[in-house]
Amino acid sequence: MADIPILSSNLNGSDTKERARARACVYCNKSKTKCIWPDGEPGVGACQRCARLHRPCTVPHTAKERRRGRGTRVGQLEEKIDGLVSLLNASRQIQQQSSAPRSASTTSEPPISGHDAPDSAVFGQLPTPATSSQEQPSASRPFCILPMSCHHVNDGHPGDCTGQHGQDCPPPGHTTLQTPTSTALSSSGGSEPTNSYIPPTACIEITPQPYGYLRITMGEADRLLKLYQTDYHPRFPFVPIPRNTTAQDLFQRQPFLFRTIIQIVAPQSAASQRGFTTWFREYIATHIVVKQEKRLDLLQAILLFIAWSESHYYAESWVTTLHQLAVGLVVDLGLNSHKPSKQDGNGANQFVEDARRLNGHRGRPPHTLEDMRAYLGCFYVSSLTAALFRHIPLMPCSTYLSFCCDKIEAEQEYIADTYLVVLIRMHRILCRIIAVFPAPDSDGSGTATFSAAAHMAMSNLRAELDDFKLQVPRNIRDNLSFEIGLKGILVRLYEPVVYMASSPVSSIDGIRKSEAMWCCLDALKATLDAYASIPVADLSYLPFNTYCHMTFSLITATRLVVLQDPDWNSKLAGESLDFAGITQRISDRCDQADTVAIAEEWRRKRKYVNDTVSVMSMHRNKLRWIRSWYLSKTAAPNPAAPESHSPVHHSDSQYQGQILPATEMIADTGNPAPVEALSPVSFLGDEWWQAMLDDMSFLQP
């Protein structure tokens, strides 16, 4: 064709090449017409159309076309595929190397059953790719995550396995566990976020080596996360997880918080619980103290770890360091005050923000509802431990507390936010009680005298609590946890009167003191009765605040029923409270709750004190000991008892390895054997129990 010139091999100039690549001149190209050159070579002379119209004919100079190389996106994808293939080959080699000794160990050892099984065996594991396809469960049918039982819980109630899925599950009552063979995924102890997708059947390492051996599948993590959202978060509403958040999302964004939540809910042995506790504290120390990191998920994880601990840890100052680190994080993150705005008239705050920007720091972003809940949760823990366990109040009340409560109440992002606001407003009253009636000194040097001013202050604070209760929504008012918290604050309001001396001037003050102690006794009865009314199925899974109020009420009750005071009748108080009956009732319910926890151990965590004693059994034993101690204190001496009286031995197996009945201890007060059997283990600390054995002398004013 005449308009498509053919390049000859003798054209060497760059301009000639560029002109030769042009098909038409500028005007013909713009007019979309055929450009005919008289000599057949573009650029030499004018084309026929430009010559006819008498206008200049120019050939456009095209830029030299750059040679296209290999696509960068395709290369990146190929590199990723090569990396995945190499990782898959490496994992197969590791599994093949470990399959021979593992198979030899499983054939030589008997099957593991019961509580002797490792933690990883509690959760079902998938076979490795090297196993046959017949052993692998089909992706189209559900996989039995928990092979200890044939029951699966979707809506809080167990259901039986049927169909093909039933072939993968052992029959009910079958406790033989298989050794896990799949590879757990870990990211250096679970500290760094990741974007990698994890299949539902892949295992995640919760407790890293060498602290423990707890790992679960991502599918099981989803079930445990939903259990936290429905059963655990409403009881401690300061760290919510959105309902649409999956375990995959939480693990990728906040792996440390994810591991903390899973550890709170997941069933595991006592050794694994101790291992996670050690790793948790080392992780917190490394990232907060050493690396000086300031992250909200660290604060949330500490709050959850504290919330689901036990009250005796507080009495022994076991979590004091974690509590102080949480308060320090609140201050470092700036969660305890408003973010200064440009219109803020407070010059000091604005000066600090301007100085931060000059030093290269970005200004603090506005606080989110998540930030506010974490701040309120830290205040809640601080006020509770300061009121009940003589800790120093680390977070004072402020107007920002009211602002956060109003903001959260207005947004109503979660149903449990209403309960959260109620708890914080109730604890603001508790802070005023602490300010008016601080804890007495341990040596008795700060003993005060009960006066009309103290009676007036108690009456006003009591009226404030009563008015507050009327403003609480009915559904929360009928909640046993709220009832225990409110009555527990009433106990703390009247408890200081136990340490106050009677007024030597006015006899009316003595009557008012007796009235205040009787109000304390009524609050104790209500608190302990409410605790004894909690369903046994929930008793093992309550947060620390419920146990704190129960423990404090129990300590105060033991003081009142043996108190020797001219304005108090301890015998009448013991009969009104029925101390022996209420302790027996609570201990029996703790025993029942432990039985339920054993039956549910395949589904959720049963908390342990040591390798053999669970938390509920520890509560049961200590309550029985307290009951025996109280009956021995109130029993009248029997002078007609024979000098040589052989001890009574019970053949009932329910007392083997436990505390002897109080009747047996009273039957022979001179026999030292019951005293040895009643020697306490760690419940509220050895010093506290030794002081109780010494007739409560440490509480004497």
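The following paragraphs describe aromatic pairs, a charge over a ring, one helix and a strand hairpin in a predicted model. Local features were considered at pLDDT of at least 70 and side-chain atom pairs only at pLDDT 80 or more, whereas totals for chains, interfaces and linings use all residues. Residues are numbered from 1 along each chain as its sequence is written, and side-chain values use heavy atoms, with hydrogens and water left out.

A search of the whole structure returned 19 aromatic pairs, where rings of Phe, Tyr and Trp (its six-membered ring) pair if their centres lie within 6.5 Å, and planes under 30 degrees apart count as stacked, over 60 as edge-to-face and the rest as tilted. One of these is the edge-to-face pair of F236 and Y380, with 6.4 Å from centre to centre and 65° between the planes. This pair links distant parts of the chain, 144 residues apart, since F236 lies in the loop between α6 (218-232) and α7 (247-253) and Y380 in helix α14 (residues 369-388); helices (H or I, at least four residues) and strands (E, at least two) are DSSP runs, numbered from the N terminus. F236 is buried at a relative accessible area of 1%, and Y380 is likewise buried at 2%, where buried means under 20% relative accessible area, exposed over 50% and partly exposed in between (1.4 Å probe, protein chains only).

The rings of F256 and Y283 are stacked, because their centres are 4.0 Å apart and their planes lie at 20°. Here too distant parts of the chain are linked, F256 belonging to helix α8 (residues 255-265) and Y283 to helix α9 (residues 270-290), 27 residues apart. Both F256 and Y283 are buried, and ring pairs join them with F276, W279, F280 and F305 into a cluster.

Elsewhere, the charged end of R604 sits over the ring of Y541, 4.2 Å from its centre, a term that requires NZ of Lys or CZ of Arg within 6 Å of the ring centre and within 35 degrees of the ring normal.

Helix α22 (residues 544-560) has 17 residues, and its end C-alpha atoms are 24 Å apart, which agrees with the 24 Å expected at 1.5 Å a residue; the expected span is 1.5 Å times one less than the number of residues. Because 16 of the 17 residues of α22 are buried, this helix is largely enclosed by the rest of the structure.

Strand β4 (residues 203-207) is also largely enclosed by the rest of the structure, because five of its five residues are buried. β4 pairs with strand β5 (residues 214-217) in the antiparallel sense over four bridges, pairing being assigned if DSSP finds at least two bridges between two strands. A hairpin of six residues joins β4 to β5, and T207 stands opposite L214 in β5.
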